[in-house]
Amino acid sequence: MTPLQMYIERAEECRREAEAATLANVRERCLGSALAWEEMAQRAQRTAIYRANDAQRKAEQGTRTA
């Protein structure tokens, strides 16, 4: 399991916990946690895209200089 998958699963779990919560403060805590996990997932996705683009750019530069 990749970190991105884990972050997404944790966010979904927190949202389910929020839906099941009967106390408002517990629901708010779960929703806050879900948002934090979603932000981490977005950051991980941006990083993966950046790394893939960077690797492609380096590969293209390597073929031009060789």
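Me: What makes up the accessible surface of the protein chain, and how big is the carbon and sulfur share?
Reply: The accessible surface is about 5,200 Å², and 54% of that belongs to carbon and sulfur atoms. Areas like this come from the Shrake-Rupley method with a 1.4 Å probe, and for residues only the protein chains shown count as cover. By the way, this is a predicted model, where local features need pLDDT of at least 70, side-chain atom pairs count only at pLDDT 80 or more, and totals for chains, interfaces and linings use all residues. Residues are numbered from 1 along each chain as its sequence is written, and side-chain values use heavy atoms, with hydrogens and water left out.

Me: Why is Arg51 called exposed or buried?
Reply: Buried means under 20% relative accessible area, exposed over 50%, and partly exposed in between (1.4 Å probe, protein chains only). Arg51 has 60% relative accessibility, so it counts as exposed. You'll find Arg51 in helix 2.

Me: And what makes Ser33 count as it does?
Reply: Ser33 comes out at 28%, so it's partly exposed. Ser33 sits in helix 2 too, which covers residues 24–65. Helices are DSSP runs (H or I, at least four residues), and strands are runs of E (at least two), numbered from the N terminus.

Me: How do you know that the length of helix 1 agrees with what it should span?
Reply: The expected span is 1.5 Å times one less than the number of residues. For the 18 residues of helix 1 (residues 3–20) that should be 26 Å, and the end C-alpha atoms are 26 Å apart, so the two agree.

Me: Which residues of helix 1 are buried, and why say they line one face?
Reply: They're Tyr7, Ala11, Cys14 and Ala18. Seen down the helix axis, these buried residues fall within an arc of 65°, so they line one face. That arc is taken from the directions from the helix axis to the C-beta atoms. On the other side, Arg16, Glu19 and Ala20 are exposed.

Me: How many helices and strands does the chain have, and why is it called more spread out than a compact globule?
Reply: It has 2 helices and 0 strands. Its radius of gyration is 18 Å, well over the 11 Å that the globule rule gives for 66 residues, so it's more spread out than a compact globule. The radius is taken over C-alpha atoms, and the rule is 2.2 Å times the number of residues to the power 0.38.
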